[in-house]
Structure formats: C-alpha cells, structure tokens
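Student: Please take a close look at one part of this model, the packing of its interior, and follow it residue by residue. I would like each term to come with its cut-offs.

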Amino acid sequence: MAPLVFTDEHDRAMEGMAGTRTGQSCPCLFLNFYAGAWPFHVPAARLSALGLRRKPLLHMDTAQHGHEPVLLHEAMELLSAQSGETVLDCTTGRAGHASALAEKIGKAGTLVCLDMDPGNLDFARQRLKNAAPTCRFFQANFAQLVDVLDAANIPAVDVILADLGVSTNQMLSDQYGLSFTIDGPLDMRLDPQLAHTAADLVNGLPEKQLADLIFNNAQDRLSRRIARGIVQARQVKKIATTAQLAGIVRSAVPYARFGQIDPATRTFQALRMEVNHEMENLSELLKVAPGRLKPGGRIGIISFHSGEDRVVKQIFRQWAAENRCEVLTSKPMVPTEFEMASNPRSRSAKMRVARMRMDA
Ligand SMILES: C[S@@+](CC[C@H](N)C(=O)[O-])C[C@H]1O[C@@H](n2cnc3c(N)ncnc32)[C@H](O)[C@@H]1O
C-alpha cells in the first residue's frame with residue numbers, strides 16, 4: 001500500500017504531479033460521452049467495432065468539473081448531514097458530493113476529504129477553497145482511514161461517504177489508461193505510487209491467473225479465451241497501450257458473442273480493480289468504519305458493480321444483526337430514469353446507507 005501522504009499541510013510536492021495527472025476539466029470531455037442518441041438501437045460494441053460512436057450528451061457538471069455526482073439528492077437526504085457536523089468524504093474526486101455536504105454542515109462543520117489520486121484531490125481543494133466548513137485534505141487510500149483520522153486528530157465522525165470507482169475525468173483521460181475507447185498507456189493506477197500497472201499484469205501474470213482475475217473481478221464467462229488471447233499476443237509484442245489490449249480482447253471474442261457491451265469492458269474493469277486493490281480497500285473500509293462513526297453516525301456507500309454491492313449489503317446486515325446499526329436502505333437506492341438519461345454513467349450505481357445505533 002502507498003505510504004500515507006498528508007496534503008492538508010499544503011504539500012507543494014503535489015503541485016508538479018497535479019500538472020501531469022490532474023485530469024482537469026478537458027474542453028472536449030463531453031465529446032467522448034455517449035448518450036445513445038441513434039434513431040434505432042445499435043449495441044455500443046458493434047458501433048465501436050465499426051469505428052462509430054453514439055451521439056454525445058452535454059453535461060454541465062461534467063464539462064465544468066469533470067464529473068457529475070451520482071445519486072446526489074438521495075445521498076444528501078439519507079446521510080442527512082447537519083450544521084456543525086464532521087463529515088468524511090472517502091472518495092472526494094471532483095468534490096461534487098463534498099460541495100453539497102459542505103453546504104449542509106456549514107461554517108461550524110469539518111469536512112475531511114480523501115482521495116488516492118493527487119490530481120483529483122488538488123482539483124477538489126481548489127473547488128472547495130471558499131467552502132464554509134474547515135476542510136482538511138489527505139492524499140490517501142480510504143483503507144487508511146484510521147491513520148488519516150488519527151493524523152487529523154479526529155476520533156470519530158458523523159458521516160462517512162464512499163462513492164466507489166473512478167470519476168469521469170479519470171475515465172476519459174488518456175493518462176490513466178482506464179478506457180478502452182481512448183488510446184493511452186496501459187496504466188490504470190489512480191495513485192501513481194501504486195506498485196503495478198495494468199501493463200505489468202497483462203504482460204507478467206500466468207494465463208490461469210489472468211483468466212481467474214477477469215472472471216473473479218468481472219464475471220466474464222469468456223475469461224479463459226481472453227487470457228489465452230492476451231498470452232498469445234504478448235509473445236509477439238509487449239502489450240503497452242489500451243488500444244492494443246482492447247484489440248486483443250475483441251479478437252479473442254467471436255463476433256457472434258459481442259453483446260450489448262464492448263467485449264473489452266469487463267477485462268478493463270477487472271484489471272482496474274486489481275491494479276487499485278478495489279475489493280480489498282472496500283473490505284478494509286467496512287472493517288474500520290464503525291469504530292470511527294459517532295453514535296447515530298451515518299455511512300453511505302455508492303457502488304457500481306454487483307461484487308461491491310454484495311459486500312456492502314452483507315456487512316450492513318451483519319452490523320444490524322449485531323445491533324450496531326439500522327440499515328436505512330432495505331433495497332439499494334438506484335438513480336431515477338431522469339438521472340440515468342441525463343448521466344448514463346449513473347446507470348449501474350447503487351447506494352446503501354446505514355445509521356449506527358445511539359447505544360452501539
Ligand atoms: C466516483 S469518483 C468520486 C466522485 C465524487 N463523489 C464527486 O462527486 O466528485 C471516485 C474517486 O475516488 C477515488 N478513489 C477510488 N478508490 C479510492 C480509495 N481506495 N481511496 C481513496 N480514493 C479512492 C478516485 O481516485 C476518484 O477520485
């Protein structure tokens with residue numbers, strides 16, 4: 001795990017990094033954002049194979065801040081942050097949720113902002129510079145929550161929010177190598193200090209391990225075929241770019257098996273999860289969070305795939321069975337039709353919220 005770097009004391013070392021990997025609002029960001037505006041249904045994978053894309057939809061928030069916060073209204077309702085409270089945003093990103101939370105807690109409140117990506121954290125710091133609460137910024141993994149709160153001298157908080165995964169600007173930047181539609185180095189690390197890139201994994205792992213990784217992280221039933229394709233391709237030439245990997249995956253999957261989504265989608269998701277240790281981080285967060293929530297404190301987790309949601313559901317149930325919390329979402333909150341239409345990226349979002357018992 002990357003060493004803890006405290007940036008709330010204005011760690012200027014971050015500045016140089018921010019220049020290279022901020023993923024700052026890109027003027028053409030929305031050009032890559034698809035809204036399905038074709039007059040008839042054409043699966044995205046087929047469009048992509050034909051070198052075509054769906055018509056873009058413009059998002060003010062995405063254009064301005066690089067990301068549109070998902071389930072914002074629902075998160076504010078259920079987390080119900082109050083004036084003067086202390087809030088921890090584990091995944092500050094472009095500060096969409098953080099800005100709304102800052103308004104709720106006001107001048108007397110404290111907002112602790114974490115992100116493992118120094119570029120996004122720097123953006124959030126700028127966006128929140130006139131925010132009313134006391135804001136503290138930490139470039140850290142939320143799995144290090146205990147260390148961060150100790151360093152900030154905050155024993156417990158009223159609200160914890162984790163909006164998992166990646167922000168739109170990260171997804172659409174060629175520097176992170178997260179998207180199979182944008183060519184760039186096959187990196188995928190959200191924290192540049194992480195040890196292994198996606199290229200390290202696809203070029204170094206044995207075939208079986210690669211197949212297991214793709215199957216376990218993304219439930220891709222074609223994982224063995226894809227792993228075989230990757231291993232054959234890397235014997236000819238090192239796999240270094242996203243376009244190269246996407247091409248290899250697409251050629252490993254028979255055209256007849258192309259479905260609604262591009263065959264490279266799951267492989268990219270699986271690799272990103274592995275590179276950034278996403279499932280391990282989530283488990284660690286859920287292990288330590290109750291110990292750092294005040295009685296009556298709320299925790300909300302927004303997840304984007306079934307594996308994450310399952311873990312959150314099980315842990316919340318366990319806490320409830322132990323009489324430690326009340327689960328406020330018997331079913332996960334999902335975006336409205338309107339939100340899904342205006343922000344297609346929100347489609348797979350699920351949010352679960354729990355409130356710790358006063359006597360826990
Ligand atoms: C979906 S975005 C959050 C967007 C944010 N809620 C907003 O409204 O702008 C996820 C963010 O969490 C960060 N992240 C992902 N995993 C993390 C982890 N384990 N620890 C800290 N930050 C993480 C990513 O770098 C990214 O900036």
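Tutor: Two residues are taken to be in contact when their C-beta atoms, placed from the backbone, lie within 7 Å. The model is a predicted one, in which local features need pLDDT of at least 70 and side-chain atom pairs count only at pLDDT 80 or more, while totals for chains, interfaces and linings use all residues. Residues are numbered from 1 along each chain as its sequence is written.

With that cut-off, and leaving out residues up to four places away in sequence, Leu-111 touches Val-87, Asp-89, Ala-98, Leu-101, Ala-102, Ile-105, Pro-133 and Cys-135. Leu-111 belongs to the largest nonpolar core, where, among 88 residues, it is listed with Cys-90, Cys-113 and Ile-160 as touching the most other members. Such a core is a set of buried Ala, Val, Leu, Ile, Met, Phe, Trp, Tyr and Cys residues joined through C-beta atoms within 7 Å, where buried stands for 20 or more other C-beta atoms within 10 Å of a residue's own, exposed for 12 or fewer, and partly exposed for values in between. Helix α13 (residues 264–275) makes the greatest contribution to this largest core, giving six residues; helices (H or I, at least four residues) and strands (E, at least two) are DSSP runs numbered from the N terminus. The core receives residues from both domain 1 (1–182 + 278–360) and domain 2 (195–275), so it lies between these two domains, whose bounds come from an automatic or database domain assignment.

For the wider setting, the protein has 16 helices and eight strands, and 47% of its 360 residues count as buried. Among the contacts between residues at least 6 apart in sequence, 72% join residues at least 24 apart.

Helix α4 (residues 72–79) shows how one element faces this interior. The buried residues of α4 are Glu-74, Ala-75 and Leu-79. Because these three cover an arc of only 110 degrees around the axis, they sit on the same side of α4, the arc being that of the directions from the helix axis to the C-beta atoms. The partners against which the buried residues of α4 pack are α5, β5 (157–163), β6 (293–303) and β8 (350–356).

Both ends of α4 deserve attention for their backbone angles. Ahead of the helix, in the loop between α3 (60–65) and α4, is Leu-71, whose phi is near 50 degrees, a positive value in a residue other than glycine. Leu-71 has 23 other C-beta atoms within 10 Å and is therefore buried. After the helix comes Ser-80, with a positive phi near 40 degrees.

From α4 the path leads to His-97, which is placed in helix α5. His-97 has 25 C-beta neighbours inside 10 Å and so counts as buried. The C-alpha atoms of His-97 and Ala-75 are 8.2 Å apart in space, although 22 residues separate the pair in sequence. Ala-75 is also one of the contacts of His-97, which, neighbours within four places in sequence aside, touches Pro-69, Leu-72, Asp-89, Leu-161 and Asp-163 as well.

Pro-69 brings in the ligand, since Pro-69, Thr-91, Gly-93, Gly-96 and Asp-117 come nearest to the ligand out of the 23 residues around it; a residue is near a molecule if its C-beta atom lies within 6 Å of that molecule. The elements giving two or more residues to this shell are α5 (96–105) and β3 (110–115). By composition, the shell holds nine nonpolar, ten polar and four charged residues, where Ala, Val, Leu, Ile, Met, Phe, Trp, Tyr, Cys and Pro count as nonpolar, Asp, Glu, Lys and Arg as charged, and the others, Gly among them, as polar.

Helix α6 (residues 118–127) is largely enclosed by the rest of the structure, because eight of its ten residues are buried. Those eight are Pro-118, Gly-119, Asn-120, Leu-121, Asp-122, Phe-123, Ala-124 and Arg-125.

Elsewhere, Ala-211, in helix α10 (residues 207–218), is buried because 21 other C-beta atoms lie within 10 Å of it. Residues up to four places away aside, Ala-211 touches Ser-223, Arg-224 and Ala-227. The C-alpha atoms of Ala-211 and Thr-267 are 9.5 Å apart, with their positions 56 residues apart in sequence.

Finally, the loop between α13 and α14 (278–288) holds His-277, which has a positive phi near 55 degrees without being a glycine. His-277 has 17 C-beta neighbours inside 10 Å and so counts as partly exposed.
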